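User: I have a protein model open and would like to learn how to read it. Could you take me through it feature by feature?

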Amino acid sequence: MLNVMREQINPLSQQTRSLPYDVVALVLQGGGALGAYQAGVYQGLHEAGIRPNWLAGISIGALNAAIIAGSPEGERVERLRKFWEGICAASVEWPAGEGLANALPFAFDMRSAHNALAAMRALLQGQPGFFKPRFPPPFLSPFSGAAATSFYDTSALRQTLEQLVDFDRLNSGEVRVSVGAVNVRTGNLTYFDTAERRLGPKHFMASGALPPGFPAVEVDGEHYWDGGVVSNTPLSRVLSSEPRDTLTFQIDLWSAKGRVPNDLMEVSSRQKDIQYSSRTRAITDQALRMQKMRQALQRTLALLPESARQDPEIREIAEMARHRSCNIIHLIYQSKVHERHSKDYEFGLSAMRAHWQSGLEDIRRTLADPSRLDRPAPERGIVTHDIHRRD
């Protein structure tokens, strides 16, 4: 298989493409090790000259967003590559790993063996530049706070972000960044947004602080967990913004649709798919209903006399009903037969490269049809393209 991590990008393809939209948004779900799929998608967008000016992410999607927004345009793919190769490297090599996998029966899928070893390594050793196990474990900790409420220490992630992300650039306004986290005290989903405040490493770590593995992160006196605890898809943040023509690339790592499980392992995997897919299609369906409501309001307002339209409240309603064009390109990572319930913490290099490759191939196949980038006709308003949908 082509080692996509070393694939060179054609410099001619890096020219920015002009698109008929005010906003080009990249919306990134959470999903742990599966997030390399999003990095592959971004490489394909970069090749095509598509430069998002709004990045919205949850959990690993927030980390990918930080690296993209906090890097010079020409270095974004390389820094994503450095991040993923770094956190997926084995902190301590297990020499017996390859031999054990090779000693298994021929019929056994070697990828399953390698992925299982990678997942076990992540649980027992952690991942470099990301997290490490606490000692003593939280149930034996004599201290309260993070040491007693999480299994892993994520201080290494802060150092990784500080090395790879230029936070001055990220907060410059060149690209808007929104990342979701859950207030532990109130249970409310909160978005940290560069349109409202300056973001630093703690905001992105808060978005990825999935309990009980990772500790809550304190921001301005409040403690936050992973946004996926409430909603793993920040699409509504983009769609609910003020009316503007928007092209949105929604990159999901979990598929809501799947087959009925046959054993407990498949039950665990299917449960994660359903829980963390966060019903992205329900959000897009709601956006379509809102668009129909705006169109109905426009028709109703057109029947009013001019004098009535000047009323401040009527003008406010007219602004809410103003036409917007929204094109949603929806990509969903498709789990492979050899992947199991641990796929989101299988941080092995081979699994990561396969995820990256899948993302790159999917976006290339999507963009092979140029009409998918067309601005929707006024009578439609919102369109959704999904190369994986099978209805």
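User: Let's begin with secondary structure. How many helices and strands does the protein chain have?

Analyst: This is a predicted model, and its protein chain comes to 15 helices and 11 strands. To see how the chain folds back on itself, look at contacts between residues at least 6 apart in sequence: 75% of them join residues at least 24 apart.

User: What share of the residues is buried?

Analyst: Buried means under 20% relative accessible area. Of the 391 residues in the protein chain, 51% count as buried. The accessible surface of the chain comes to about 18,500 Å², and carbon and sulfur atoms hold 56% of that surface.

User: How does burial look for a whole element? Why is helix 2 described as largely enclosed?

Analyst: Count the buried residues along the element. In helix 2, 10 of the 10 residues are buried, so the helix is largely enclosed by the rest of the structure. Among them are Ile60, Leu63, Asn64 and Ile67. Asparagine 64 is a nice one to click on: this residue of helix 2 has a relative accessible area of 1% and is therefore buried, the cut-off being under 20%. Beyond its sequence neighbours within four places, asparagine 64 is in contact with Leu28, Gly35, Gln38, Leu80, Phe83 and Trp84.

User: Can we try that on strands too? Where does alanine 181 lie, and is it buried or exposed?

Analyst: Alanine 181 is in strand 5 (residues 176-183), and with 0% relative accessibility it counts as buried. Residues that alanine 181 touches, leaving out those up to four places away in sequence, include Asn188, Thr190, Phe192, Tyr224 and Asp226. Sequence distance and distance in space can be compared here as well: alanine 181 and asparagine 232 are 51 residues apart in sequence, and their C-alpha atoms are 9.6 Å apart.

Now move to tyrosine 191 in strand 6 (residues 189-193). Tyrosine 191 is buried too, at a relative accessible area of 13%. Its C-alpha is 5.4 Å from that of valine 179, a residue 12 places away in sequence. Beyond residues up to four places away, the contacts of tyrosine 191 include Ile58, Val179, Glu196, Pro234 and Arg237.

User: What about empty space? How is it found, and what is the volume of the largest pocket?

Analyst: Rolling a probe the size of a water molecule over the atoms shows where empty space is left. In this model the largest pocket holds about 680 Å³ of space. It is lined by 33 residues, and those closest to its centre are Gly32, Leu210, Phe214, Asp344 and Tyr345. Helix 2 (60-69), helix 5 (110-125) and helix 11 (264-277) are the elements that give two or more residues to this lining. By class, the lining has 21 nonpolar, nine polar and three charged residues.

User: And which residues are closest to the centre of the second largest pocket?

Analyst: The second largest pocket has a volume of about 470 Å³. Among its 18 lining residues, Arg259, Ser269, Asp273, Ser335 and Lys336 are the closest to the centre. Its lining divides into four nonpolar, five polar and nine charged residues.

User: How many cavities of 30 Å³ or more are there?

Analyst: One. The largest cavity holds about 40 Å³ of space, and its lining includes Val238, Leu239, Arg324 and Cys326. Cysteine 326 itself is buried, at 3% relative accessibility. Cysteine 88 is buried as well, at 2%. As for disulfides, the count comes to zero.

User: Last topic, the backbone. Which peptide bonds are cis?

Analyst: Check omega at the prolines. Phenylalanine 135 and proline 136 are joined by a cis peptide bond with omega of about 0 degrees; proline 136 sits in the loop between strand 3 (132-133) and helix 6 (146-149). The bond from proline 211 to proline 212 is also cis, with omega near -5 degrees, and proline 212 is in the loop between helix 9 (201-207) and strand 7 (217-219).

Phi deserves a look too. Serine 59, not a glycine, has a positive phi of about 60 degrees; it is in the loop between strand 2 (54-58) and helix 2 and is buried at 11%. Aspartate 220 has a phi near 55 degrees in the loop between strand 7 and strand 8 (222-226), but aspartate 220 is exposed, with a relative accessible area of 62%.

Definitions and conventions:
Residues numbered from 1 in each chain as written. Predicted model: local features only at pLDDT ≥ 70, side-chain atom pairs only at ≥ 80, totals over all residues. Heavy atoms only, no water. Disulfide = S-S within 2.5 Å. Buried < 20%, exposed > 50% of the residue type's maximum accessible area, 1.4 Å probe, protein only. Helix = DSSP H or I, 4+ residues; strand = E, 2+ residues; numbered from the N terminus. Contact = heavy atoms within 4.5 Å. Areas by Shrake-Rupley, 256 points an atom, 1.4 Å probe, with all protein chains shown as cover. 1 Å grid on protein atoms, 1.4 Å probe; cavity = no way out; pocket = protein on both sides within 12 Å on 5 of 7 lines; lining within 4 Å. Points joined across faces, edges and corners; volume = space filled by probe spheres on them. Nonpolar A, V, L, I, M, F, W, Y, C, P; charged D, E, K, R; others polar.
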